[in-house]
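Trainee: Please take me through one part of this model in detail. I would like to start from a charged pair and work outward to the strands around it.

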Amino acid sequence: MLQNLGFFILLLGVLVTVHELGHFLVAKACGVKVLKFSIGFGPKLIGFTKGETEYQVALLPLGGYVKMAGELPYEELSPEEASRSFLAQPPWKRGLIVLAGPAFNLVFPIFVYFFVFLGPQETLSTRVGMVSPDMAAAAAGIRPGDRILKVEGEPVRTFDDMRDAFVGKFERPVPITLERDGQQQVVQVTPERSSEVSPVDTVERGMIGVSPYPQPPVVGVLAGSAAANAGLKSFDRVLSVNGVHVQDEAALYREVAKVPEGSPLALSVARLSPVAVGVVSGRVPEVKQVSLSRQAGEGPAALGAEAVDLYVATVASGSVAEGAGIQPGDRIVAINGTPLKSFNKLATVLNGLQAQPFTLTWRGEKGERTEKLAQAPLKMRDDYGQTSAPLVFGVRPWSFSSADLPPVEKVTIDLGPVAAFKEAALIVPKIVGQMVQVLGGLVVGKVSPSTIGGPIMMYQLAAKSAEQGMDSFLNLMAIISINLGVMNLLPIPVLDGFQLLSAVWEGIRRRPIPVRVREVANMVGLALLLLLMLLAVTNDVTR
């Protein structure tokens, strides 16, 4: 807890120092007398005086301030101080001093990101770990283990590069250069349009149905197939082929490809077998040895099996599926006469149908069956004891725990100083634009006020990011610094943006905003700021 508190204070302390340092340095450069430079509010903890300025660290680290001579209209000043007071400066100087704080908050993240990007960085490679069977990549023949090298002739080194390469590319053939078994080949893929909607913008990109995360080689077995006759069962996980360990689907494809059709295959598989100890029951893995002839096809098909995706792993008690007689190990074949290739597609169709009836075809031990069914409410209780009755069908596919998943392949990208600075200089304006859009969304109601956070949220974010590593903590620092910079530029009284507006107003109109108007505006601004803080703290406590 003390460590987390330390990271929270460090986060706020650095950002407040950066902001106030901007005001301080520019005020000094403009000849304004600075009386106090404070990090934090409230009683002084430590401090010293150098020259004409007192420097201090105060008790409350939720802000800071730079006190300049003559900030208020009615201050009594000596003639020397009056000439160096803040309000005695021309509007352009006052504008620079006010602007400097938010500007430092917006420039500082460039240096933060520079150090984040500088040097070697590990990121996901373009090696395909999993291919969705019902999407464009599978139709084009891309399979697990392939490495994508180019998208429409443009080289890609990381998975993020590849995703970005498909922005604006959809519903037309796109040539993809991939590497398989050391050989390059070009395939034509027609991506589906996907709209990624966020509070700040909408990005339309092509989706081809690949993931960098490899899947374990788990198979589905059809009754009467060569795999079933050899002793394989649905949900068996292949551990080795002819003595060679296979850790993922890519390795299974690779090893069976080495064996000619009709030649013997010796498989080692892990099978979850039921076990009961008293009233407690469960399943434990057992290793089985299976021998069969190599079948036609690739991957699971070479074993006489199928991909496990559409095989039912569990059936909810009391559900429509259970009432229809669907059992674990059955395979979903079609819905409303349309053949299915993935559970995701089934879930999408069912979500769209809601309570409307549909025709489902599935295959079990007694062959195929087709029935007209409809989703129905099923009473459920979550981990917190809350009950609900959503519309469900009641079947679930095989799911893998994190311990079952093979390691994902990563590549190291080494950025030099020039490249790192370029990346940093590009990402900060992008985040600024997103911040502005979020603020606009809050004003027009497109973004929920519940997203606003306060000190508790910042404490939690600081603690969590620190646990994830220094890069994550620095990234959070940069984002909050940008947030502070953008927020302080808003033309709201008591914020820097209003003082900047006042300086611009005076520069154009040749007279300042009337004192009474400024006083009323400051009162309104303070009230708005207090309401915003109350909302933030309320959201923190609610969360």
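**A salt bridge and its strands**

Mentor: R180 and D146 form a salt bridge, with their closest N and O atoms 2.7 Å apart. The pair links distant parts of the chain. R180 sits in strand β7, and D146 sits in the loop between α4 (136-139) and β5. They are 34 residues apart. Keep in mind that this is a predicted model.

Is the pair buried or exposed? R180 has a relative accessible area of 16%. D146 has 1% relative accessibility. The cut-off for buried is under 20%, so R180 counts as buried, and so does D146. Side chains of opposite charge can pair when their charged atoms come close.

Now the strand that carries R180. Strand β7 covers residues 174-180. Five of its seven residues are buried, so β7 is largely enclosed by the rest of the structure.

Which strands pair with β7? One is β5, residues 147-151. Four bridges join β5 to β7, and the two run antiparallel. Another is β8, residues 183-189. Seven bridges join β7 to β8, again antiparallel. Strands of a sheet pair through backbone hydrogen bonds, either parallel or antiparallel.

L178 is a good residue to follow here. It is the bridge partner of I148 in the pairing of β5 with β7. L178 also has Q185 in β8 as a bridge partner.

How do β7 and β8 connect? They form a hairpin, with two residues between them. D181 lies in the turn and has a positive phi of about 55°.

Back to charge. A search of the whole structure finds 24 salt bridges. Here are two others to set beside R180 and D146. E255 meets R254 through their side chains, at 3.9 Å from N to O. E255 is buried, at 9% relative accessibility. R254 is partly exposed, at 37%. E286 forms a salt bridge with K288, and their closest N and O atoms are 4.0 Å apart. E286 is partly exposed at 34%. K288 is partly exposed at 31%. Salt bridges that share partners also join R127, R147, E179, D248 and E409 into one network.

To recap the part you asked about: R180 is buried, its partner D146 is buried, and β7 pairs with β5 and with β8.

Terms used:
Residues numbered from 1 in each chain as written. Predicted model: local features only at pLDDT ≥ 70, side-chain atom pairs only at ≥ 80, totals over all residues. Heavy atoms only, no water. Buried < 20%, exposed > 50% of the residue type's maximum accessible area, 1.4 Å probe, protein only. Pairing = 2+ DSSP bridges.
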